[in-house]
Amino acid sequence: MNTSEPGSQRLRETSPPIHAIFETTPCPMCGAEAGTPLVRTGDLLFPGDAEFQLVSCSHCGHIYQNPRPTPAAIGSFYPEAYHPFLSAIEDEASPLRRLDRAFGLRMRCQAVHRAADRRPGRLLDVGCATGVFLDGMRRLGWAVQGVEPSAYAAGYARRRFGLEVFEGLLEEARLPEATFDAITMWDVLEHVHEPRPVLAELARLLRPGGLLVLSLPNPDSLEARLLGEHWLGWDLPRHLNLFRPTQLRVHLARYGMPVERIRSFTAGHAVMVMSLARKLSAAGYGPAIPRLLSSPPVRLLSRLYYSGPADWYNLSSIMVVFARRGSAPHASQELLRDVAPLALNQG
Ligand SMILES: [Zn+2]
């Protein structure tokens, strides 16, 4: 990761005045104006002077960034080094890294394939990056296509894998209604300014009975609670909306896509180690422990935990939500009644 060119530095050099960069917003999920500050930090990946904050909606409890970078300015907060655009696994030089990535990809593909009762159909991956996942699903018999806003990543997916990828946002793709048997969205929804139109579009594109798989940071996770403000899942200022599992159940049910299961098997180790490194560094410790934890053998061993208990009991930083398009939207406001407010460990 290139930390010599922080995002805020780039922003100061190249962008319009501060009032054009940030906007205040009502709660993106319910429209209420009042929110209580929950987390206030600098850029979690690229240190600079600017501070950002997440608030918890006083009405529905949704966690969102406010004020937040405008849609026009948000790109300035994604330095080149941020994008985890992965090449084809076969092109990785290190055998350990190939093994590690192949294992992760296989888990991801098999999880979706099994949730679809091993019956391949049409699959859309929203934010498909370089197409590695789509290529994996195609090998399982799926007819695949992707949507990806990055010209570089979309181009790579077309060239390297010969995939059908629309370059742009989901809403711009104007795909036909009830087309897909499965839609996946890995680590995307938390980056979206207005999630509601996106959820509506996903519901429109899925055929009745179709599968929706979303992965996103879980602010209720054990790791978020233990690591407090240092937890990388907040990823300010790039994460604009964070969903607690109970809230996500309510929102998806409202759009006619009730949640069947929430698991946790992607990228937990990397997020944990980077968050812990921040916490230890803030407490004055050196990098020895994080370095040991991120060595390839330890990382491979950690799979035992992350693909075992962490997955079964949804303990790690990233949750994977499996929902299914029903025939009619469900009213489930009552599910929110018993949710305790999120208490954050500020240690
Ligand atoms: Zn709200």
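**A walk around the model**

Guide: Let's start just past helix α3, where Asp117 follows with a positive phi, near 55°. Keep in mind that this is a predicted model, where local features need pLDDT of at least 70, side-chain atom pairs count only at pLDDT 80 or more, and totals for chains, interfaces and linings use all residues. Residue numbers start from 1 along each chain, as its sequence is written.

Visitor: What makes α3 a helix whose length is close to the expected one?

Guide: Helices here are DSSP runs (H or I, at least four residues), strands are E runs of at least two, and both are numbered from the N terminus. Helix α3 covers residues 95-115, which is 21 residues. The expected span is 1.5 Å times one less than the number of residues, and for α3 that comes to 30 Å. Its first and last C-alpha atoms are 30 Å apart, so the match holds.

Visitor: Why do the buried residues of α3 count as lining one face?

Guide: Buried means 20 or more other C-beta atoms within 10 Å of a residue's own, exposed means 12 or fewer, and partly exposed is in between, with C-beta atoms placed from the backbone. In α3, Arg108, Cys109 and Val112 are buried. Down the helix axis they fall within an arc of 90° (taken from the directions from the axis to the C-beta atoms), so they line one face. Pro95, Arg106 and Arg114 are exposed on the face turned away from that buried side. Among the elements covering the buried residues are α4 (132-139), β9 and β10.

Visitor: Why is Arg303 called partly exposed?

Guide: Arg303, in helix α12 (residues 296-306), has 17 other C-beta atoms within 10 Å. That count lies between 12 and 20, so partly exposed is the right label. Arg303 and Asp100 are 203 residues apart in sequence, yet their C-alpha atoms are 9.1 Å apart.

Visitor: How do you know that strand β13 is largely enclosed?

Guide: Six of the seven residues in β13 (residues 318-324) are buried, so the rest of the structure largely encloses it. Pairing takes at least two DSSP bridges between strands. β13 and β10 pair antiparallel over seven bridges, with Val213 opposite Phe322. β12 (residues 259-263) is joined to β13 by four bridges, also antiparallel, and there Ile262 has Val321 as its bridge partner.

Visitor: What makes β2 and β11 edge strands?

Guide: β2 (35-42) and β11 each pair on one side only. They belong to an open antiparallel sheet of four strands, in the order β2-β3-β4-β11. Two bridges join β4 (residues 63-65) to β11, which meets the cut-off of at least two. Ile63 stands opposite Leu242 in β11.

Visitor: How do you know that the largest nonpolar core lies between the two domains?

Guide: A nonpolar core is a set of buried Ala, Val, Leu, Ile, Met, Phe, Trp, Tyr and Cys residues joined through C-beta atoms within 7 Å. The largest one has 79 residues, and those with the most contacts inside it are Leu54, Met137, Ala182, Ile183 and Leu212. β10 gives the most, with six residues. Domain 1 (7-77) and domain 2 (89-345) both contribute, so the core lies between them; the bounds come from an automatic or database domain assignment.

Visitor: Which residues does Leu212 touch, leaving aside its neighbours within four places in sequence?

Guide: Contact means C-beta atoms, placed from the backbone, within 7 Å. Leu212's contacts of that kind are Ile183, Leu202, Leu206, Met257, Ala323 and Arg325.

How values were computed: Contact = placed C-beta atoms within 7 Å.
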